[in-house]
Amino acid sequence: MTVAAADRLSQLPPYLFVEIDRAKADAVAAGRDVIDFGVGDPDRPPPEFITECMAAAVRDPANHAYAPSRGTPAFRRAAAEFLRRRFDVAVDYDTEIVALIGAKEGIGHLPTALINPGDVVLCPAPGYPVYTSGTVFAAGTVYTMPLAESNAWLPALNDIPPGVRRAAKLMYLNYPNNPTAAVAPLAFFNDAVEFAREHHILIAHDAAYTEIYFNEPPPSILQIDGACEIAIEFHSLSKTFNMTGWRLAFAAGNADALTALATVKSNLDSGAFKPVQEAGAAALSGLGRPEILAQRDTYRRRRDALVMGLREAGWSVTSPEATIYVWARCPAGIDSMTTAARLLSDADVVAIPGVGMGQHGEGYLRFALTIGEDRIREAAGRIARLNW
Ligand SMILES: *Cc1c(COP(=O)(O)O)cnc(C)c1O
């Protein structure tokens with residue numbers, strides 16, 4: 001018997017990296033020295049205070065049962081305390097925080113909790129693919145908010161047509177942004193909250209990168225007065241603490257939206273492993289520790305090495321203020337797929353073509369700063385030797 005997948009799977013955007021994936025696998029198999037800037041997954045383990053906490057927690061016999069589905073009180077208290085200390089935002093840990101099995105899980109399930117068939121979800125593009133796939137799975141309608149360099153990679157809210165505003169129920173935002181590395185100023189969050197209030201739209205702000213910054217700490221949308229009535233914000237431990245495989249995050253803000261999300265989750269999952277939540281609480285409480293500061297410095301040095309190297313190679317690059325990415329403009333007149341293919345075939349360097357993150361990413365490449373400085377310099381040197 002052949003098994004046909006549900007129609008909704010065919011509505012997902014096409015996966016555009018097939019050829020690049022194959023070319024990369026071929027290069028590696030041929031023994032070529034490939035330098036891979038493709039994956040946005042930290043290359044280093046979590047700081048030791050986190051793994052030590054996990055190791056002790058996992059030996060506690062009381063820690064192996066199902067966890068409470070909204071998260072353990074201790075983890076939610078640590079999350080609320082993190083928001084207070086870092087952003088001066090006050091939320092009730094009991095009603096305004098829900099623990100997640102990674103931000104991706106919460107972002108992906110949110111439309112199932114809030115969206116009826118045909119409701120419009122506003123999704124930035126280029127952007128993290130889960131905003132649209134979560135919407136498709138909930139039979140919602142995606143409306144793309146293009147991000148452009150000319151508008152500082154912020155969506156132009158005034159360009160959203162009146163009919164779309166009326167039909168929209170949810171708007172995803174993401175700052176500091178993947179893939180563009182842009183940081184949104186508080187003034188933009190203020191405009192977004194005003195817009196959302198006027199049109200009865202819930203904002204879901206993906207704040208996965210607020211703790212990886214190189215100058216000013218980026219803001220939270222919850223800093224805007226009254227934002228907790230109109231927004232929820234996703235915070236992830238993945239990138240901040242090198243815990244991508246641990247699967248731990250939380251959402252904070254509007255209590256009704258969080259209750260709906262928690263209802264979906266309690267029907268589909270049974271909470272993150274208690275020791276992971278215990279170590280996660282320790283991580284959030286340890287945000288100011290030297291290990292975390294040192295990690296920011298590591299990304300800063302990598303950023304500087306790559307930006308300087310690409311500029312010396314004649315590329316046009318803005319040095320990012322935050323995130324683990326450099327978003328670089330392709331050489332003039334060459335599209336992102338062609339550029340990525342050339343980097344791989346002629347320099348053994350892998351970067352993500354912007355068009356793979358949506359049509360509006362065309363003309364750019366994303367480099368993840370998840371490899372050592374020496375390798376970054378080596379890659380920049382190879383790129384400088386290419387003739388376009
Ligand atoms: C990495 C990433 C996430 C995923 O976080 P998890 O907590 O690991 O699921 C969410 N949003 C963006 C923009 C990311 O880059």
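These are my notes on the seven-stranded sheet in this predicted model.

**Sheet order.** I started by tracing the strands. The sheet is open, with mixed pairing, and I read its order as 2-8-7-6-5-3-4. Strand 2 (97–100) and strand 4 (141–146) sit at the edges with a single partner strand each, so one side of each has no neighbour in the sheet. I also looked up the twist: on average, neighbouring strands are turned by 20 degrees against each other, direction ignored.

**Strands 5 and 6.** Next I checked the pairing of strand 5 (residues 168–174) with strand 6 (residues 202–206), which is parallel and has five bridges. M171 faces I203 of strand 6 here.

**Strand 7, both sides.** Then I moved on to strand 7 (231–236). Strand 6 runs parallel to strand 7, and four bridges join them; D206 has F234 as its bridge partner. Toward strand 8 the sense is antiparallel, with five bridges, and I found H235 opposite F250 of strand 8.

**Burial.** Is strand 7 mostly covered or mostly open? I get six of its six residues buried, so to speak a covered strand by the under 20% cut-off. A231, E233 and H235 point one way, while I232, F234 and S236 point the other, and all are buried.

**Helix on the sheet.** Last, I looked at what helix 9 (residues 255–268) lies across: strand 2, strand 6, strand 7 and strand 8 (249–253). Helix 9 runs at about 30 degrees to strand 2, one of the edge strands.

Notes. Residues are numbered from 1 along each chain as its sequence is written. This is a predicted model: local features need pLDDT of at least 70, side-chain atom pairs count only at pLDDT 80 or more; totals for chains, interfaces and linings use all residues. Side-chain values use heavy atoms; hydrogens and water are left out. Two strands pair if DSSP finds at least two bridges between them. Helices (H or I, at least four residues) and strands (E, at least two) are DSSP runs, numbered from the N terminus. Axes are lines fitted to C-alpha atoms, for helices over the stretch in contact, and angles run from 0 to 180 degrees between N-to-C directions. Contact means heavy atoms within 4.5 Å. Buried means under 20% relative accessible area, exposed over 50%, partly exposed in between (1.4 Å probe, protein chains only).
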